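Dear colleague,

I am passing on the structure we spoke about, and below it you will find my notes on the helices and the charged pairs. Please read them with the model open beside you.

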Amino acid sequence: MISLKNVSDKRRKWLKRKRHIRKRINGTAVLPRMSVYRSNRHLYVQVIDDLAGNTIASVSTMESAFKGLKPTVENGAKIGQEIGERLKKKKIEKVVFDRNGYLYHGVVKSIADGARKAGIQL
């Protein structure tokens, strides 16, 4: 766990939101957790079984298929659809959405909407 002593105010607020969310969300093999991380340059989405400690599927803008995509709302929808298609191949229909401390708007919302378009229930 990260100490909040020597952390900027913005990062401290983000970490508190993240901890608050993760207390209530847990992924299983039947209902895995879809975690979103965004940086200034990239987007990352992982579907995780927390009980076994396995990553079931992942997509990021660092993959060769998505190379050069910026973390915009339009590209977030593409990433969301791709993770949805990968989950469909693994016969996973439903996940728990973990926004990872980010506010549910913009890129984070477009990732969730893209996954819903692919047929995944969040």
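Which strands are included in what covers the buried residues of α1? Please bear in mind throughout that this is a predicted model. The cover over those residues of α1 includes β1 (33–38) and β4 (96–98).

The helix itself, α1, runs over residues 9–24, and its 16 residues reach 24 Å from the first C-alpha to the last, which is close to the 22 Å expected at 1.5 Å a residue. Its buried residues are W14, L15 and I21. Viewed down the axis of α1, these buried residues fall within an arc of 130 degrees, so they line one face of the helix. On the other side of α1, by contrast, K16, K23 and R24 are exposed.

Helix α2 covers residues 73–89, and its end C-alpha atoms lie 25 Å apart, which agrees with the 24 Å that 17 residues should span at 1.5 Å a residue. The buried residues here are N75, G76, I79, G80, I83, G84 and L87, and what covers them includes β1, β2 (43–49), β3 (54–60) and α3 (107–117). After α2 comes K91, whose phi is positive, near 60 degrees.

Turning to the charged side chains, a search of the whole structure finds 10 salt bridges. As general background, side chains of opposite charge can pair when their charged atoms come close. In α2, the side chains of E82 and R86 meet in a salt bridge, at 2.9 Å from N to O; these two residues are 4 apart in the helix and therefore separated by about one helical turn. R86 counts as partly exposed because its relative accessibility is 24%.

Another salt bridge joins the side chains of K88 and E93, at 2.8 Å from N to O. Both partners count as partly exposed, K88 with a relative accessibility of 32% and E93 with one of 44%.

In α3, a salt bridge of 2.9 Å, N to O, links the side chains of D113 and R116, which lie 3 residues apart in that helix, or about one turn. Here too the partners count as partly exposed, D113 at 29% relative accessibility and R116 at 40%. Elsewhere, salt bridges that share partners join R22, R33, D50 and D98 into one network.

With best wishes

Conventions: Residues numbered from 1 in each chain as written. Predicted model: local features only at pLDDT ≥ 70, side-chain atom pairs only at ≥ 80, totals over all residues. Heavy atoms only, no water. Expected span 1.5 Å × (residues − 1). Buried < 20%, exposed > 50% of the residue type's maximum accessible area, 1.4 Å probe, protein only. Arc of directions from axis to C-beta. Contact = heavy atoms within 4.5 Å. Salt bridge = Lys/Arg side-chain N within 4 Å of Asp/Glu carboxyl O.
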